[in-house]
Amino acid sequence: MKLELLFALASASVMAQERPNVIFLVADDLGYGDLGCYGARNVDTPNADSVAASGLRFTNAHASAATSTPSRYSILTGQYPWRKPGTGVLPGDAGLIIGADQYTVARMFQDAGYATAAIGKWHLGLGLRAGEQDWNGTLDHTPRHIGFDYHYIQAATADRVPCVYIEQDTIANRDPEAPIEVSYKHNFPGEPTGRTNRDALKLDYTHGHDMAIVDSISRIGYSRGGGRALWRDENIADSIALHSRRFIMEHKSEPFFMWLCTNDVHVPRWPHERFRGKSPMGLRGDAISSFDWTVGQVLAALDSAGVRDNTLLIITSDNGPVCDDGYDDHAFELLNGHQPTGGARGDKYSNYEGGTKVPLIVSWPAQVKPDSVPVETLVSLVDLFGSAAALTGSQLPEGAAPDSRNMLDQLLGRSREDRPWVAELGQLWTVALRTPQWKFIPAGRANAPLLSWPAIGHEGSVIELGESLEPQLFNIISDPQETTNLAPQMPEKVAEMTELWNQVVPSK
Ligand code: NG6
Ligand code: CA
């Protein structure tokens with residue numbers, strides 16, 4: 001072999017080794033204020049805090065939607081959810097909303113030579129046709145078809161049936177004696193529901209969630225069967241951690257990308273006994289402890305695989321926090337001074353900052369110098385795709401990740417240049433715009449400022465959606481809690497923000 005060729009091969013293999021592993025560790029409904037390093041009270045999160053101490057902690061990071069499905073859709077595809085119909089919160093029998101022809105961040109990593117995995121909460125649909133999945137056979141359109149080599153996932157959320165894990169297109173630990181049936185239209189004859197058997201539930205519901213009973217908790221949707229494949233809620237964090245550790249160990253000698261989504265801290269919150277009573281905040285606080293334990297498991301696996309230094313670990317959340325999300329776990333009553341949004345107005349679902357402002361921690365010991373000063377740069381999770389493409393030096397196909405920018409320098413602490421604006425989708429499909437200084441919520445279609453569920457009236461169940469028939473404008477620098485709508489007195493600013501909105505939000 002020629003000497004030059006040998007050199008070329010040697011340096012290519014050094015390159016291959018140097019490419020960092022990448023983990024997007026995405027919590028569910030974890031608020032900006034829910035981690036110790038972001039000022040949480042009453043709950044300890046030593047693992048997440050240690051990751052922050054080893055890297056960067058962002059204080060102005062935003063999800064592009066205030067609920068899971070649209071937020072996750074935008075991270076994986078680099079396209080805003082409002083550009084594609086059907087990207088709202090999905091039932092558990094929805095078809096996969098990302099087509100095989102859509103270029104995902106996972107596909108990009110795959111093309112760059114990475115092993116790829118999706119582990120944990122999915123909530124982007126499964127199968128080609130909604131409601132027609134062959135749950136007991138092989139699913140025909142899954143994460144495997146959109147760029148993930150491996151998956152071990154919950155179809156939707158823990159509060160939606162089917163309550164089983166899907167691994168490589170089939171139900172994990174499938175019970176041939178107990179095939180599972182799923183319906184979002186009707187109950188199966190003779191099956192108890194939350195409505196009919198409310199007294200038997202170990203966790204009562206406050207709204208919705210009164211259908212199929214699995215593990216003594218009633219859910220959204222109906223199902224029957226499942227047998228030993230059904231999960232037990234208290235073991236979900238363990239199952240997800242186990243499979244992510246395994247994936248890390250199996251791929252320690254090649255670059256890998258892991259889309260690791262915890263079930264914590266989404267409802268129903270039913271963490272393992274060993275987390276119980278860890279915080280005076282009840283089940284929601286204990287679910288935060290459980291989330292932090294998962295972070296610790298990932299760190300331990302990276303350490304024992306010897307790859308921690310060269311792993312880019314990004315910890316964030318899909319949307320803002322909520323206390324009462326349909327189960328009677330007293331999350332609101334037990335806050336004891338803790339502020340899940342870190343003091344921002346609104347919660348999950350909201351166009352106010354509480355809906356989409358998220359924690360964002362970036363650690364890559366080999367390349368990112370730790371900084372104890374928080375990073376205030378305005379960033380959006382929609383840019384993880386474009387930034388990851390820059391990291392791997394990938395050329396994206398025409399039209400891929402249309403809304404995603406390369407913000408790698410910002411994410412690695414090499415630039416403090418703000419994104420000029422970030423866009424945030426609320427529950428009622430209104431898109432708000434944030435610039436470094438201003439927050440603009442255009443006039444909505446309805447005067448529905450509050451999301452309050454029938455038959456419950458306690459304070460913690462009322463969510464401000466931020467929707468109004470009038471435009472709203474806030475000076476985020478001087479009024480971070482969005483208390484004073486400046487729109488009536490600043491028509492020129494409103495016109496300027498409206499013009500920007502018209503340029504960047506509607507589909508082209
Ligand atoms: C809502 C559910 C809520 C939660 C949410 C999705 C009711 C009454 N509420 O419809 O409990 O599941 O959908 O949350 O059913 S997300 O984090 O996955 O977007
Ligand atoms: Ca969520």
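This text walks through a sheet, a helix and a calcium site. The model is predicted.

Start with the sheet. Four strands build it, in the order 15-16-17-20. The sheet is open, and its pairing is antiparallel. Strands in a sheet are held in pairs by backbone hydrogen bonds. Look at the edges next. Strand 15 (422-425) and strand 20 (472-475) each have a single partner strand, so one side of each has no neighbour in the sheet. From one strand to the next, the twist averages 20°.

Now zoom in on one pair. Strand 16 covers residues 431-434, and strand 17 covers residues 438-441. Two bridges join them in the antiparallel sense. Here Arg434 stands opposite Lys439 in strand 17.

A helix crosses this sheet. Helix 10 (residues 491-504) lies across strand 16, strand 17 and strand 20. Its direction makes an angle of about 70° with strand 17.

Move on to the calcium ion (ligand 2). Which residues coordinate the calcium ion? They are Asp28, Asp29, Ser68, Asp318 and Asn319, at 2.2 to 2.9 Å. Ser68 gives its OG atom, Asn319 gives OD1, and Asp318 appears twice, each time through OD. Along the sequence, the donor residues follow the spacing D-D-x38-S-x249-D-N.

That spacing has a consequence. Ser68 belongs to helix 3 (residues 68-77), while Asp318 sits in the loop between strand 12 (311-317) and helix 7 (353-356), so this pair ties together parts 250 residues apart in sequence.

Are these two residues buried or exposed? Buried means under 20% relative accessible area. Ser68 has 3%, so Ser68 is buried. Asp318 has 0%, so Asp318 is buried too.

Key:
Residues are numbered from 1 along each chain as its sequence is written. Chains are lettered from A and ligands numbered from 1 in the order in which they are written. This is a predicted model: local features need pLDDT of at least 70, side-chain atom pairs count only at pLDDT 80 or more; totals for chains, interfaces and linings use all residues. Side-chain values use heavy atoms; hydrogens and water are left out. Two strands pair if DSSP finds at least two bridges between them. Axes are lines fitted to C-alpha atoms, for helices over the stretch in contact, and angles run from 0 to 180 degrees between N-to-C directions. Contact means heavy atoms within 4.5 Å. Donors are N, O and S atoms within 2.8 Å of the metal (3.2 Å for Na, K and Ca); water is not among the atoms, so sites may look incomplete. Buried means under 20% relative accessible area, exposed over 50%, partly exposed in between (1.4 Å probe, protein chains only).
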